[in-house]
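These are my notes from a session spent looking things up in one model. I put short questions to it and wrote down what I found.

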Amino acid sequence: MTSSTIASILVIEDEPAIRELLKFNLVDAGYDVHEAVDAESAKRSIAARLPDLVLLDWMLPGQSGLALARQLRSDARTRELPIIMVTARAQEADKVAGLEAWVDDYVTKPFSPRELKARIKAVLRRRAPEAGHDTLASGSVALDSVAHRVTVAGSEVSLGPTEFRLLRYLMARPDRVLSRAQLLDGVWGDHVDIEDRTVDVHIRRLRAVLEPFGADARIETVRGSGYRFLSSSPADASKPGQEGRK
Ligand code: CA
């Protein structure tokens with residue numbers, strides 16, 4: 001994996017020994033690991049940088065892991081944030097069964113690092129389509145995450161790192177309208193210091209690279225909402241001799 005495809009995981013766990021064990025295994029598996037010891041420090045960490053996944057201990061001092069999961073789900077910025085809950089075996093079965101409304105998955109202590117890593121991988125693949133794929137292809141546009149290479153109609157094009165991540169994020173979510181805030185979180189990973197306008201600047205650069213191939217129309221501006229990557233190009237759909245819709 002290249003550096004831009006490393007997923008970041010926030011481990012929220014108050015017991016130092018377990019936190020260390022989790023960190024050791026996740027760093028070993030190639031993840032970028034951040035730590036928090038309780039809900040308050042977790043919220044500060046998430047406010048500064050949205051992780052790709054949260055590994056959340058249920059039993060935390062102060063606000064519980066479950067209460068934090070509910071809070072994250074009720075906030076537009078963190079609603080889609082993948083959460084895996086870590087529960088103790090002693091926790092009541094009916095409560096654990098209800099967990100699925102708030103989290104993507106859960107593991108019961110003691111867990112095997114191998115099982116945990118498999119679940120993290122599965123959740124990331126489900127939630128962030130581009131994380132599970134080495135290549136994305138749509139019409140004339142193909143993106144290879146491993147080689148960090150983009151081709152349009154078979155010709156390699158040169159993209160800056162931000163345009164590359166932006167295109168990958170868009171292509172992994174075809175036909176979905178993505179707001180500037182979503183793009184900032186998904187592509188830049190931190191929406192605190194960056195203006196919405198930045199998204200427009202990089203969309204413009206991306207379109208400029210695609211334009212000579214007539215593929216710039218694949219990125220549609222949705223007025224008042226954001227941007228959308230069209231799974232089929234308006235030009236591709238037209239018959240030869242007809243003019244592609246601009
Ligand atoms: Ca705990």
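Is Asp-14 buried, partly exposed or exposed? I am working with a predicted model, and in it Asp-14 has a relative accessible area of 27%. Since buried needs a value under 20% and exposed one over 50%, I noted Asp-14 as partly exposed.

**Calcium site.** I looked at Asp-14 because this residue is listed among the protein donors of the calcium ion. The list reads Asp-14 (OD), Glu-15 (OE), Asp-57 (OD) and Met-59 (O), at 2.1 to 3.1 Å from the ion. Along the chain I wrote the spacing of the donors as D-E-x41-D-x1-M. I also checked Glu-15, which is partly exposed at 36% relative accessibility.

**Whole chain.** I counted nine helices and twelve strands in the secondary structure. The chain has 246 residues, and 42% of them count as buried. For contacts with a separation of 6 or more, I found that 56% join residues 24 or more positions apart.

**α6 against α7.** I then turned to the helix pairs. For two packed helices, the description consists of the angle between the axes and the distance between them. Helix α6 spans residues 161-171 and packs on α7 at about 115 degrees, the axes being 9 Å apart. I recorded the crossing of α6 past α7 as right-handed. On the α6 side the contact uses Thr-162, Arg-165, Leu-166, Tyr-169 and Leu-170, and on the α7 side Gln-182, Leu-183, Gly-186, Val-187 and Trp-188. Sorted by class, the residues of this contact are six nonpolar, three polar and one charged.

**α7 against α8.** How are α7 and α8 oriented to each other? Helix α7 (residues 180-188) meets helix α8 (residues 197-210) at an angle of about 75 degrees, with 9 Å between the axes. An angle of 65 to 115 degrees counts as roughly perpendicular, so I entered α7 and α8 as roughly perpendicular to each other. From α7 I listed Arg-180, Leu-183, Leu-184 and Trp-188, and from α8 Thr-198, Val-199, Asp-200 and His-202. Four residues of this contact are nonpolar, two are polar and two are charged.

**Single residues.** I finished with three residues of these helices, leaving out neighbors up to four places away in sequence when listing contacts.

Thr-162 lies in α6 and is buried at 14% relative accessibility. I found Thr-162 touching Val-187, Trp-188 and His-202.

Met-171 also belongs to α6. Which residues does Met-171 touch? I listed Leu-136, Ala-137, Ser-138, Val-141, Leu-143 and Phe-229. From Met-171 to Ser-138 I read 7.5 Å between C-alpha atoms, across 33 residues of sequence. The relative accessibility of Met-171 is 6%, so I marked this residue as buried.

Gln-182 sits in α7. With 32% relative accessibility, Gln-182 is partly exposed. I noted contacts of Gln-182 with Tyr-169 and Val-177. Arg-77 is 105 residues away from Gln-182 in sequence, yet their C-alpha atoms are 7.7 Å apart.

Definitions and conventions. Residues numbered from 1 in each chain as written. Predicted model: local features only at pLDDT ≥ 70, side-chain atom pairs only at ≥ 80, totals over all residues. Heavy atoms only, no water. Axes fitted to C-alpha atoms, helices over the stretch in contact; angles between N-to-C directions. Helix = DSSP H or I, 4+ residues; strand = E, 2+ residues; numbered from the N terminus. Parallel < 35°, antiparallel > 145°, perpendicular 65-115°, else oblique. Contact = heavy atoms within 4.5 Å. Nonpolar A, V, L, I, M, F, W, Y, C, P; charged D, E, K, R; others polar. Donors = N, O, S within 2.8 Å, 3.2 Å for Na, K, Ca; no water. Buried < 20%, exposed > 50% of the residue type's maximum accessible area, 1.4 Å probe, protein only. Left-handed = near helix turned anticlockwise from the far one by under 90°.
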